[in-house]
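Please open the model in your viewer and keep the selection tool at hand; the tour moves from one site to the next.

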Amino acid sequence: MSATPSCRICGGTLREFFDFGRQPVADAFVTPGEVSNEFFYRLAVAMCATCTMVQLVEGVPRERMFRTDYPYHASGSTDMRSHFQGMAQYFLDNELKEPGSFIVEFGSNDGIMLETVLRAGVRHLGVEPSRNVAEAAAAKDIRVRNAFFEESTAKEVLAADGPAKVIYAANTFSHVDYVDSIFRGVDALLAPDGIFVFEDPYFADIVERTSFDQIYDEHYYFFTVRSVQAMAAQYGFELVDVEHLPVHGGEIRYTVARPAARTPSPEVDRYLELERAAGIAEQPALDRFAANVERLRDELRALLEKCRAEGKSVVGYGATAKSATLTNFCGIGPDLVSYICDNTPAKQGRLSPGSHIPVCSPEEFAASYPDYALLFAWNHADEIMRKESRFQEQGGKWILYVPKVHII
Ligand code: SAH
Ligand code: TYD
Ligand code: ZN
């Protein structure tokens with residue numbers, strides 16, 4: 001895909017506000033034999049001067065990201081399992097009570113949300129293009145279609161199953177640049193009184209916490225209430241509710257419906273006002289963010305270099321997609337972080353994209369604790385620190401970098 005000079009949503013002028021340089025595909029963990037063959041693109045973010053949607057300037061073709069061996073397995077986190085159980089239960093109790101109700105989730109991954117729906121015996125379908133995780137869901141008896149959700153898929157689902165009362169997507173809608181096709185698909189498939197619900201990282205939280213590692217190829221858009229409201233209206237829908245979520249460092253769950261189908265919640269206006277007061281669509285906020293990113297990079301590098309100079313051992317914890325931006329932008333390789341421990345079998349034994357840090361199992365971490373562990377999976381800090389309490393008991397220290405570089 002070539003560089004896009006104008007907004008993918010409204011055609012407005014894009015104002016670029018940060019360039020992370022050449023970056024690899026964030027979830028493309030490589031074998032030693034593949035390192036000379038990696039795909040790189042220019043990772044830069046811009047805001048639309050008209051609709052304020054924050055977006056990547058250059059995207060990566062979707063087939064390079066979502067493949068037969070997509071390594072992210074959502075069910076690897078127990079906290080996220082309870083988060084999605086709660087979501088499913090909400091839908092079951094409030095939206096799917098009528099017999100025959102039908103829910104479609106796109107980006108259903110290994111079935112982390114739909115398994116609760118399946119247990120309740122409610123009609124459902126997951127639409128998931130990455131074959132390995134689609135198969136993991138199917139192995140739990142979840143109904144899955146191995147495809148990208150887009151207009152054509154939505155029409156096929158409608159023909160086979162009828163309209164959906166709920167269409168849901170977590171950490172997926174903002175991953176795709178073709179929102180026009182997604183909205184046309186939602187328009188075709190959604191029942192007249194149905195809702196389209198999606199949750200994605202909140203740009204205001206990224207700015208406030210300098211969590212710039214949320215910016216990588218799979219996160220094509222960075223939503224705000226204002227930009228989502230404009231986008232929904234452009235495609236003939238209305239934003240009727242927003243809910244701020246603590247997961248993944250701060251997300252918003254957006255509920256969209258057909259015009260006048262639902263009564264809008266006052267939360268929409270409240271968040272619009274909060275965003276206005278914070279000035280997140282204004283240039284000074286973007287300039288401050290850019291300065292904070294550079295400061296964070298310098299502080300983290302200085303800390304890791306100091307550890308190395310003092311002969312302290314440092315490893316990474318959580319081979320996240322986010323860590324691709326962090327390590328490649330900050331110039332962190334195996335010389336500063338000797339390995340990354342991660343509980344995903346598909347990542348173990350491979351090297352992190354671009355930065356080529358080996359990925360090992362948590363058992364190897366426990367076998368010989370380092371002095372410091374740099375928590376790349378900072379969004380799972382509570383769960384991981386709980387699980388790894390022995391590391392701290394034995395004198396180990398965590399290095400965190402969100403919202404600022406600090407040691408625990
Ligand atoms: N919903 C899960 C998984 C998010 S990862 C969670 O929140 O934890 C994003 C998922 O979206 C991946 O499994 C990827 O394969 C899938 N995906 C990417 N583009 C998609 C599309 N157009 N339609 C459906 N799924 C898509
Ligand atoms: P996550 O931060 O959810 O997403 P992303 O890749 O989009 O940045 O990834 C968390 C990673 O951390 C994932 O590879 C699994 C790993 N992990 C562990 O190794 N142990 C744990 O206890 C948890 C919760 C995650
Ligand atoms: Zn725009």
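Are C48 and C51 buried or exposed? Select both: C48 is buried, and so is C51, where buried means under 20% relative accessible area, exposed over 50%, and partly exposed in between, with a 1.4 Å probe and protein chains only. Before going on, note that this is a predicted model, in which local features need pLDDT of at least 70 and side-chain atom pairs count only at pLDDT 80 or more, whereas totals for chains, interfaces and linings use all residues. Residues are numbered from 1 along each chain as its sequence is written, chains are lettered from A and ligands numbered from 1 in the order in which they are written, and side-chain values use heavy atoms, without hydrogens and water.

Next, select the zinc ion (ligand 3), whose protein donors are C7 (SG), C10 (SG), C48 (SG) and C51 (SG), lying 2.3 to 2.4 Å from it; donors are N, O and S atoms within 2.8 Å of the metal (3.2 Å for Na, K and Ca). Along the chain these donors follow the spacing C-x2-C-x37-C-x2-C.

Now move to ligand 2, where A321, K322, D342, K347 and K387 come nearest among the 19 surrounding residues, a residue being near if one of its heavy atoms lies within 4 Å. Show the side chain of D342, which has an N or O atom 2.6 Å from an oxygen atom of ligand 2, and then K387, where a polar side-chain atom lies 2.4 Å from an oxygen atom of this ligand.

How values were computed: Polar contact = N/O pair within 3.5 Å; in protein donor to acceptor, adjacent residues only side chain to side chain.
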